[in-house]
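Trainee: Could you walk me through a model, starting with its empty spaces and ending with a pair of helices?

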Amino acid sequence: MQQSNYAIETQGLTKSFGSHNAVDQIALQVPRGSIFGFLGPNGSGKTTTIRMLLGLAEATAGTISVLGHAIPEDAGVALPHVGALVEGPAFYPYLSGRDNLARFDSADSKADPKTRKARIESALARVGLTAAAEKKVHAYSLGMKQRLGIANALLQPREILILDEPTNGLDPQGTREVRTLIRDLASQGITIFISSHLLLEIEQICSHLAVMSAGKIVAQGSIAELSFSEIHNLTLKTPDADKAISTLNSLDIEARNEVGLIKANVIHNFIAPETIADALVKAGVKIQGFTLEAPKLEERFVSLTGEGFDVAR
Amino acid sequence: MLRDKFMEGFGTLVRSELSVLFRRRRTWAMLATIACIPIFLAIAVQLSGSTIPPGEGPPFLDRVSQNGLFVGFTAMILAIPLFLPLTIGVVAGDTIAGEANTGTLRYLLIAPVSRARLLVIKFIGASAFAIAATATLMITGIIVGLILFPVGPVTLLSGDVISIPAALLRIALVAGYVTISLMGLSAVGLFISTLTVIPVGAMAATVVVSTVSQILATLPQLEIIHPYLLTFNWLGFADLLRAPMDFHSMAINTIVQIAYIAIFGSAAYSRFTTKDILS
């Protein structure tokens, strides 16, 4: 087995439904040990990509390598090391939470039946479901099912966790617990691949990101790489709008007046914020507020994937 | 080596499949309904009191009141055309489509279990239900027969009289014969179940296959294809009720059912192993 630096790597990965490319020539590179955020609006191809990574759907073109194993050919070798939550949890409603986990665990021929009970109990404890383990799943709330789905992904020591929208249906408390759990797992060296359309969730915990839009990856890299080499936003609050704009123009900064606020795009490291403030003060511009900062992930996301409720295509 | 790999953890998953199947209320409801067939039949015969002239009603009906051991046979003949195929349709049609519908299929496959293995296990599950169904029917038949009617040595179709233990052996053989028939239908249901994510559709289609096959078997114009029909030999276990026992029809039916299992099993395999699981 060739040892790759990437836990997951795809080349030219494409999935077509008829003439429509749901996933179009994507080259994912998920470094080992990273918390990799997989972002994109609904319908951008995230879940289709995840299905291909897990061998559930066949790629139309391209290659997939998970832990150095080709998918789907060697899925049987790779998948025991991968825990996943795909497009929501799914269980047998007439079985208890504990029996559902036993069912999925017995499908894994590599899972040791002798340790099954202990592994199930520890997975249940990890997501705080021990008290509800005997309840039938049809009596579970959406949040409890989500937790049980995460427990199912944790039945074995894994090298990769693929979590598709893991905090769907969880209350803020539950969301925070999941974030803590993910950080905790990542600190043990597990690679976490987490897809979401909720930016806040991802921004707080991820080390790497890929952004999908209309089947293509429009940005990929570490958080640092993605936030720098970046155009930063200048916002100035002042009663002296005209004077401020001419001063900024003299600094080669193209400024505009937006409803009482002066705004400008400034290339990062092109000019220090204190230099700008200094020039404004010297020109006699009264400053009521001044910020120069990297765009938030959310703005970046919208700029990459388009605004509004429109599905990508 | 390959065989060892395939068998690794196989028993565990078979146990899991059976436990999931037999912990469903639906399974028990169907078995309970099957048990009602001999019970109602026996009660009806008992209440009517009058002796039924030979040749009226289902075969053996006239003998039920004379010998309780005939309850099971008669109930079986009543249940073969529609009721047993209906229950098999539910179980076999649900095998893959039901898991796909609830989404549990994707979690089984990424556990991971190979698709070929999952198909084999699903077929084993459906066959186990077929065994449970025929056994339920026959055993209930024997029990109500014992309660409501005199039981004694059995007069066979050939006129020979056999002892009670020998009769019980024949009852078991008939149950086995019907089980094999139902396994053929299970393979058809398994294939249909790989085509859809709507379990009810697969269940209905499986029952339709069995019904259409029985209709075709009644059309004399289609005589040439009759021997190849799934259901053509389903009622042909009279041979087992003669002395000496004749296994000819059992052999023919078994061959036909094995052919159906092979054909529809391969079709299910080629369909399921190339299918995108998008549910």
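Here is our chat about it.

Mentor: Before you start, this is a predicted model, where local features need pLDDT of at least 70, side-chain atom pairs count only at pLDDT 80 or more, and totals for chains, interfaces and linings use all residues. Residues are numbered from 1 along each chain as written, chains are lettered from A and ligands numbered from 1 in written order, and side-chain values use heavy atoms, leaving out hydrogens and water.

Trainee: How much space lies in the largest pocket?

Mentor: We lay a 1 Å grid over the protein atoms alone; a pocket is an open set of points with protein on both sides within 12 Å along at least five of seven lines, a cavity is a set where a 1.4 Å probe fits but cannot get out, and lining residues have an atom within 4 Å of a point. Points are joined across faces, edges and corners, and a volume is the space filled by probe spheres set on them. For the largest pocket that gives about 930 Å³.

Trainee: Which residues lie closest to the centre of that pocket?

Mentor: Its lining divides into 17 nonpolar, six polar and 11 charged residues. (Ala, Val, Leu, Ile, Met, Phe, Trp, Tyr, Cys and Pro count as nonpolar, Asp, Glu, Lys and Arg as charged, and the others, Gly among them, as polar.) Of the 34 lining residues, the closest to the centre are A:Ala75, A:Gly76, B:Val113, B:Ser114 and B:Arg115.

Trainee: Which element gives the largest share of the lining of the largest cavity?

Mentor: That cavity has a volume of about 110 Å³ and is lined by 14 residues. Elements are DSSP runs numbered from the N terminus: helices are H or I with at least four residues, strands E with at least two. The largest share, three residues, comes from strand 7 of chain A.

Trainee: How do helix 9 and helix 10 of chain B lie to each other?

Mentor: Their axes come within 9 Å and cross at roughly 140 degrees, using lines fitted to C-alpha atoms, for helices over the stretch in contact, with angles from 0 to 180 degrees between N-to-C directions. Under 35 degrees is roughly parallel, over 145 roughly antiparallel, 65 to 115 roughly perpendicular, and the rest oblique. So helix 9 of chain B is, relative to helix 10 of chain B, oblique.
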